[in-house]
Amino acid sequence: MEIRKDFLPLSRPSIGAREIEGVVSCLKSGWITTGPLCKAFEDKFCKLTGASYALSLSSGTAGMHLMLLSLGIKRGDEVITPSMTFASTLNMITLLGAKPVFVDVHYDTLNINVDLIEGKITKKTKAIVPVHFAGAPVDMDRILGLAKKNDLPVMEDAAHGLGAYYKGVHAGGWGQTAIFSFHPIKNITTGEGGMITHSDDRLESRLKLLRFHGIERDAWKRYGKGGNPEYDIKTPGFKYNLTDIQAALGLAQLSRLEELNSHRTRLADLYRKGLEGVSGLDLPGVPHYPHTHAWHLFIIKVASMERERFMQELSRYNIGYGIHFPAAHRLNYIQKRYKIKKGELKETERANNRLVSLPLFPDMKEGDVSYVCGAVREILKNG
Ligand SMILES: Cc1ncc(COP(=O)(O)O)c(C=O)c1O
């Protein structure tokens, strides 16, 4: 087949007139940092997820950090999570002096294997952090059942889960805590950014204090007409707030979520049809329970040739790719520090050197998917 002239990236944010107008209007408004647009973005998030509270943040990682702190995770504690996740989760757990305890995943969906969670719970376990991997919601009923039985909080890593529903409930809507990410590769973007959702009255004020220096009132209220610019600090905090410029982008993107995700779903269907029956390749599995997949990523596993060479070939065809993720327990410091034995995370290891993310983004054309499918077929045939 003929090689395309232009490069097809792994991902590209869909920025249209609505996003540009929203940002320009914020820039002209006179208030560009955290303010009314962040508040509107948070309100929309509560509506979408069904959570009582939403806190906009500078990143998903900031959300992870604040949630772990607010749940009281400290030195000596253990947090259960898959190794098939982004390193930021492990970094935050480790920097708090706690230990990540890894649970294996299912090879097909890359979601945590719930059957294996209970065997990892000890007296030191303080939280369970499952990931709705690539947009496929985890089995929340079973995870919540286990959490309740063992009196543990669940923190959903919903960085991939915007628009993902489990049995009709949106990620983050389970009365537990959840974090979302708005990095440009995600289902909606704010450039960089994140959100915590939760429904715990006791957590809300602590999270807000930790988000912004430990100061009780938002700056836009302190500096608004008649506001009192004085402040007190009761507990030291971070500077993890989102800006209104970013929220303007986020609001425009959120208003298009259904449109953006339905195109992702259409492309994922085309990939599945276009790559069906190709030998040497495993397609992503989907959960067996009722759900709506957010199709954040389309991840194949290449079993019949070296991944390195496969990616080089994709490159030759002018196709971008990604790795989501290198298994965290094989990353240098994690391997050295926590010494996970070979074979302990069998399915994670099986997927680890095979997985490749193919291009998937809202402005991608159906013809682009056909092109990638044709290239993948040729690459694997010529092995
Ligand atoms: C599964 C997962 N968790 C957490 C994060 C962290 O989000 P952020 O990049 O917004 O800090 C990411 C981002 O890539 C992610 O993919």
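This section describes the overall fold, the two domains, one sheet and the ligand surroundings of a predicted model.

The protein contains 13 helices and 13 strands. Its radius of gyration is 21 Å, close to the 21 Å that the globule rule gives for 383 residues, so the protein is as compact as a globular protein of that length. Measured out along the principal axes, the C-alpha trace spans about 70 × 55 × 35 Å. Of the 383 residues, 46% are buried. Contacts between residues at least 6 apart in sequence were also examined, and 74% of them join residues at least 24 apart.The domain assignment divides the protein into domain 1, residues 17-254, and domain 2, residues 257-382. The centres of the two domains, taken over C-alpha atoms, are separated by 25 Å. Across the boundary, 33 residues of domain 1 are in contact with 31 residues of domain 2. On the side of domain 1 that touches domain 2, the elements giving two or more residues are α4, β3 (99-103) and β6 (165-166). The largest share of this side, three residues, comes from β3. By class, the side of domain 1 that touches domain 2 consists of 18 nonpolar, nine polar and six charged residues.

An open sheet is formed by three strands in the order β10-β12-β13, with antiparallel pairing. In general, strands of a sheet pair through backbone hydrogen bonds, either parallel or antiparallel. The edge strands here are β10 (281-282) and β13 (355-358), each of which pairs on one side only.

The pairing of β10 with β12 (residues 298-302) is antiparallel and extends over two bridges. Within this pairing, leucine 281 stands opposite valine 302 of β12, while aspartate 282 has lysine 301 of β12 as its bridge partner. Strand β12 is also joined to β13 by four bridges, and these two strands run antiparallel. In this second pairing, isoleucine 299 stands opposite serine 357 in β13.

Strand β12 is mostly covered, since five of its five residues are buried. In a regular strand the side chains alternate between the two faces of the sheet. In β12, Phe298, Ile300 and Val302 point one way, whereas Ile299 and Lys301 point the other way. Residues on both sides of β12 are buried, including the lysine, Lys301.

The ligand is surrounded by 14 residues, of which Ser59, Gly60, Thr61, Ala159 and Ser181 come nearest. Two helices, α3 (60-70) and α4 (87-95), each supply at least two residues of this shell. Helix α4 also appears among the elements that give two or more residues to the side of domain 1 that touches domain 2. By class, the shell around the ligand divides into three nonpolar residues, 10 polar residues and one charged residue.

Key:
Residues are numbered from 1 along each chain as its sequence is written. This is a predicted model: local features need pLDDT of at least 70, side-chain atom pairs count only at pLDDT 80 or more; totals for chains, interfaces and linings use all residues. A residue is near a molecule or strand if its C-beta atom, placed from the backbone, lies within 6 Å of it. Ala, Val, Leu, Ile, Met, Phe, Trp, Tyr, Cys and Pro count as nonpolar, Asp, Glu, Lys and Arg as charged, and the others, Gly among them, as polar. The radius of gyration is taken over C-alpha atoms; the globule rule is 2.2 Å times the number of residues to the power 0.38. A residue is buried if 20 or more other C-beta atoms lie within 10 Å of its own, exposed if 12 or fewer, and partly exposed in between; C-beta atoms are placed from the backbone. Two residues are in contact if their C-beta atoms, placed from the backbone, lie within 7 Å. Domain bounds come from an automatic or database domain assignment. Two strands pair if DSSP finds at least two bridges between them.
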